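Reader: Hi! Could you walk me through this one?
Author: Happy to; have a look first.

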Amino acid sequence: MSLPPTVANAAPGRGHLLRLAPGESVVTLDRHLALGGFSAVRKALVMGPQAVADEVRRANLRGRGGAGFPAGVKWGFLPKDSPKPRYLVINADEGEPGTFKDRYFLERDPFPMLEGMIVSAYAIGAKTAYLYVRGEFVKPIAMLERAVEQLHRGGYLGKSVLGSSFGLDIHVHPGAGAYVCGEESALLESLEGKPGRPRNKPPFPAVVGLFGCPTIINNVETMACVRLIADVGAERFVAMGLPKDGGPKIYGLSGHVKRPGLYEAPMGTPLRKLVYDFGGGTIDDRPIKGIIPGGSSTPVLGSEHLDVAMDFDSVKAAGSMLGTGAVTVFTEGTCAVRLLTRLAAFYAHESCGQCTPCRDGTGWMERVVSAIEEGRGRPGDCDLLLSIANQIMGNTICALGDAAAMPVIAFVERYRAEFEEHVARGGCPFEGGHGHGHGHGHEGGNP
Amino acid sequence: MAPAFSTEGEARLKKLLGRYPDRRAALIPVLHLASREFGFLSREVMEYVAGRLGLPEAYVLTTATFYTMLPKRPLGRFHVQVCVNVACHLRGADGIVEHLERRLGIGPGEMTEDRTFSLEGVQCLAACGTAPAMQVNDDYYEDLTLAKVDEILDALRSSAGGAA
């Protein structure tokens, strides 16, 4: 089986998922077709639903939304005997700070994701799919609606997909600016028109999901991976990554690197390669102070972790999480306390308010971290922060509580001396504090 | 005057209602539509939406008040939202916010007297690889510098007819 042609396979950090180089515009339907588009749907329709699901399971595709749960296993949780309709819901509520990978598909290259949705809906037996896109993406949402209309006109969607007996409708649904809606049960509540408050589980969405019906919720990048699996087969997909964590991965680089952006590489690519080969190293080659490896909720690592392989199991073994593969680097000169104020404020703002430990704890942590940064810290505040965080961990309905607690614990543990110094001095020892005092833009870019 | 959707708004409403087996699911898209048509979601607009969807007003209120993107107060003609989260912070978002405050003469959560600009510090816009970033109405502006912010503000001002 031949690999699908790609736009810029030779360019570093481009490949099967990331087809456009930075600065290139969008992949149109015609361009997608010229690149072998919809071969995955055609192959899937010949294979049959069960064979497609088996292929995805054998590909060891771990969900790209952050948790890394095997997609094929998730699909297997659907009840076999329910008379209710099944839904496929795609989580395009990209909101984890540091993360900007799904936006690539939503804004510039939507057809691989849409094709993956058709393949997935076929495999799980869904006749309706919803694409829940974060509300800020007003223009991408309008573009996605047009893309769906194009697919209807072309016979790729509707009562008969490519002349088969399989029918599918895809609807684009806007969110409205709530990070918690990236949690899958909150997303369902939001899709139903309610406040995005996560549901108690069990029952899991696969059993009781959207409108009370069996529902599979997958991430945008996961859909592009499903398309790739249906196209090239599980074996080839596994070979593009690791045996137990198959496929390519889109990594994001942000913060104090010379070339921030998105880079595709095999799952398990070492952090060092991402930061130095793709990212060009740090601005002014300053020493690394911290690396947030997978989005703001993942515990901060240090330069001693540069040889960690960026796959779900390896990053976990190193004490953090791969999350969304969104790597944020900060260098010496950055105030860790000040950086944490941003994270603490974020989680306090985004807590849905349903569970007391998270609702009260996130606000309390924000106040304590801000007090330390502003010179009003008290001796014992580090232990207080750890105590609050540890009382949130594991005590909430959804993972937002843990997501808020983990960075606080990791920052206090890694930079404790700096926190203590703030308290002892009664203020921030850093000037500026964001490590950005001397006009550091992109390489050759900003003045 | 009682709120009423425009002809285009009515067409959009009909389309949205066709997407879901349950009318309540259309609520957030319809609230987006309403805030576009009427500027923001006043109590009167929320009552109107409740009536159009055949939903209890409490359903509309409980949803509208949960989401930050559904405006419950008037916004400027240009609503400037600057990301202040981690990636943008590391690339100078604080300086961008200070500059905007100085240029516009307002702080976050405020609106200029002529209602041309409103300013807000917001959470991650998913533009971390092109930080710092801000959103003005539907448009993203990325890789910001102070000079770029000036250019953007000047262009917006002139499109507003030289006001402000």
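Author: A word on terms before we start: contact means heavy atoms within 4.5 Å. Axes are lines fitted to C-alpha atoms, for helices over the stretch in contact, and angles run from 0 to 180 degrees between N-to-C directions. Helices (H or I, at least four residues) and strands (E, at least two) are DSSP runs, numbered from the N terminus.

Reader: Thanks! Anything to know about the model?
Author: This is a predicted model, where local features need pLDDT of at least 70 and side-chain atom pairs count only at pLDDT 80 or more, while totals for chains, interfaces and linings use all residues. Residues are numbered from 1 along each chain as its sequence is written, chains are lettered from A and ligands numbered from 1 in the order in which they are written, and side-chain values use heavy atoms, leaving out hydrogens and water.

Reader: Which strands does helix α6 of chain B lie across?
Author: Helix α6 (residues 93-104) lies across β1, β2 and β3 of chain B, and runs at about 155° to β1(B).

Reader: And in what order do the 4 strands of the chain B sheet come?
Author: The order is β2-β1-β3-β4, in an open sheet with mixed pairing. Strands pair if DSSP finds at least two bridges between them. β2 (117-122) and β4 (139-141) of chain B each have a single partner strand, so one side of each lacks a neighbour in the sheet.

Reader: What stands opposite Val80(B)?
Author: Val136(B), in β3(B). Strands β1 (78-83) and β3 (134-136) of chain B pair in the antiparallel sense over 3 bridges.

Reader: Switching chains: is Lys80(A) buried or exposed?
Author: Exposed, because its relative accessibility is 72% (buried is under 20%, exposed over 50%, partly exposed in between, with a 1.4 Å probe and protein chains only). Lys80(A) sits in the loop between α4 (71-75) and β1 (87-92) of chain A.
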